[in-house]
Amino acid sequence: MIQETEVKLLLSSERALEDKLPSEELRALFGFAQQAEPMLVWYLDTPTQKLKEADWSVRYRQRKTGGLELTYKKRYSEQAYAVMLQTPLSDAFHADFTPEIDLGYSKKTCSLSCIKTFEPYDSLDDLEARRLAILNCPPPLTDWGGKNQGFRHLCEAVLFGPLTADKYKGKYEDITIKLEIWPLDSYLTELSFDIETHKSEEAKSRVIQVLEQHGLLLHDNTLKTDAMLRFFGKG
């Protein structure tokens, strides 16, 4: 059993935001700070998004402190994850990746993440993003599908972004709540929290109940990754 879960719920930006900021109602419910933590976000993929097709994502995030975070993530359905655990790939993932359940409004996936950090870091372009991603690439992605397919995709990859997102931290009962606001075609507003898996369904239900009572919940499972790749891939 995967021990940790991240619950991710989308909010109606029309109800949750006022002048692109968390509404007073939302701040009162979760005690969000007045000041956001801004961050730049990029995704690295081939022009035709071959990594996304295989449920891989390669993401860069740069925070106000200047540090750069590179995350490799692979997503599985619950059934596919159970099958993978019976293969040699399981040991390769275990060496470098941390498993987590992503629990959305009505969808559950299993994700494996490998995070690399670089600090300080000044700038990022396609060439440097490819170089860092290739040099630090963990084996499960490098040879994904055999014949170095992942490596070849990274060699062809380009940056999608950057996008400037705002992150806020708050509290609900004993749970630390995160709020991210992503300006895309319209604003994507996500409320999330990390919790032990055995507590996740109950905690999710309690938070949903609060959001529903205030008309804030969006009944959707859209991932920020998919929304951003779609937004920047339009051209």
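This section describes salt bridges, one helix, a charged surface patch and two loop residues in a predicted model.

Salt bridges were identified from the distance between side-chain nitrogen and carboxyl oxygen atoms, with a cut-off of 4 Å. The count by this rule is 16. Side chains of opposite charge can pair when their charged atoms come close.

One of these pairs joins Glu37 and Arg63, with a distance of 3.1 Å from N to O. Glu37 belongs to strand β4, which spans residues 37-45, and Arg63 belongs to strand β5, which spans residues 56-63; the salt bridge therefore ties together parts that are 26 residues apart in sequence. Glu37 is partly exposed, because its relative accessibility is 28%. Arg63 is also partly exposed, with a relative accessible area of 23%.

A salt bridge is also found between the side chains of Asp194 and Lys178, where the N to O distance is 3.0 Å. Distant parts of the chain are linked by this pair: Asp194 is located in strand β11 (residues 187-196) and Lys178 in strand β10 (residues 175-183), a separation of 16 residues. The two partners fall into separate accessibility classes. Asp194 is partly exposed at 41% relative accessibility, whereas Lys178, with a relative accessible area of 13%, is buried. The value for Lys178 lies under the 20% limit for buried residues, so the residue is assigned to that class.

Lys199 and Glu196 form a further salt bridge, in which the closest N and O atoms are 3.2 Å apart. Both residues count as partly exposed, Lys199 at 40% relative accessibility and Glu196 at 35%. Beyond individual pairs, Glu6, Lys8, Arg75, Asp102, Lys178 and Asp194 are joined into one network by salt bridges that share partners. The Asp194 and Lys178 pair described above thus has both of its residues among the members of this network.

Helix α6 comprises residues 126-135, and its buried residues are Glu128, Ala129, Leu132 and Ala133. These four residues lie on the same side of α6, because they cover an arc of only 130° around the axis. An α-helix has 3.6 residues a turn, so residues three or four places apart point the same way. The exposed residues Leu127 and Leu135 are carried by the face of α6 that is turned away from its buried side.

On the surface, a patch of negative charge is formed by Glu18, Asp19, Glu24 and Glu25. Of these residues, Glu24 is placed in helix α2, which covers residues 24-30. The relative accessible area of Glu24 is 51%, and the residue is therefore classed as exposed. The limit for this class is over 50%.

Two loop residues were also examined. Asn148 is situated in the loop between α7 (139-142) and α8 (149-155). With a relative accessibility of 38%, Asn148 counts as partly exposed. Along the sequence, Asn148 and Gln3 are separated by 145 residues, and their C-alpha atoms are 31 Å apart in space.

Asp174 occupies the loop between β9 (158-172) and β10. Asp174 has a relative accessible area of 62% and is exposed. A distance of 29 Å separates the C-alpha atoms of Asp174 and Lys116, which are 58 residues apart along the chain.

Note on methods. Residues are numbered from 1 along each chain as its sequence is written. This is a predicted model: local features need pLDDT of at least 70, side-chain atom pairs count only at pLDDT 80 or more; totals for chains, interfaces and linings use all residues. Side-chain values use heavy atoms; hydrogens and water are left out. Patches are made of residues with over 30% relative accessible area and no salt bridge: like charges are joined within 9 Å, nonpolar side chains (Val, Leu, Ile, Met, Phe, Trp, Tyr) within 5 Å. Accessible areas come from the Shrake-Rupley method with a 1.4 Å probe; for residues, only the protein chains shown count as cover. Lys and Arg count as positive and Asp and Glu as negative; His and the chain ends are not counted. The place of a charge is taken as NZ of Lys, CZ of Arg, CG of Asp or CD of Glu. Buried means under 20% relative accessible area, exposed over 50%, partly exposed in between (1.4 Å probe, protein chains only). The arc is that of the directions from the helix axis to the C-beta atoms.
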